[in-house]
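Hello,

Here is the structure I promised to pass on to you. Please have a look at it first, and then read on for what turned up.

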Amino acid sequence: MAETMELSPALLAIIACPACHAKFAVDYDANELVCTNQSCGLAYPVRANIPVLLIDQARSTL
Ligand SMILES: [Zn+2]
């Protein structure tokens with residue numbers, strides 16, 4: 001069973017989507033940070049509780 005990722009609120013407060021600079025919603029089931037900009041829709045993986053904020057690592061949820 002996968003462990004639930006732990007992301008600090010302080011971290012979440014400062015990070016933003018590198019593609020559009022919108023804030024993220026946390027998807028704990030998918031271990032992803034999902035951009036809240038509905039015209040962007042990129043989801044970034046979280047590995048070992050560290051968000052991988054690279055556009056080429058993201059997937060589109062649109
Ligand atoms: Zn975005």
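A good place to begin is Cys 17. Leaving aside residues up to four places away in sequence, Cys 17 touches Ala 22, Phe 24, Cys 35, Cys 40 and Tyr 44. Please keep in mind that this is a predicted model.

Cys 17 also leads into the next topic, the nonpolar core. The largest such core has 13 residues, and Cys 17, Phe 24, Leu 33, Cys 35 and Tyr 44 are those with the most contacts inside it. At least two residues of this core come from each of β2 (32-35) and β3 (42-47). The largest share, 3 residues, is supplied by β3.

Then there are two asparagines with an unusual backbone angle. Most residues other than glycine have a negative phi. Asn 31, however, has a positive phi, near 55 degrees, and is not a glycine. You will find Asn 31 in the loop between β1 (24-27) and β2. Its relative accessible area is 24%, so Asn 31 counts as partly exposed, a class that lies between under 20% for buried and over 50% for exposed.

The other one is Asn 49, with a positive phi of about 65 degrees, again without being a glycine. Asn 49 sits in the loop between β3 and β4 (50-51). With a relative accessibility of 36%, Asn 49 is partly exposed.

I hope you enjoy exploring it!

Best wishes

Notes
Residues numbered from 1 in each chain as written. Predicted model: local features only at pLDDT ≥ 70, side-chain atom pairs only at ≥ 80, totals over all residues. Heavy atoms only, no water. Core = buried A, V, L, I, M, F, W, Y, C linked by side-chain atoms within 4.5 Å. Buried < 20%, exposed > 50% of the residue type's maximum accessible area, 1.4 Å probe, protein only. Helix = DSSP H or I, 4+ residues; strand = E, 2+ residues; numbered from the N terminus. Contact = heavy atoms within 4.5 Å.
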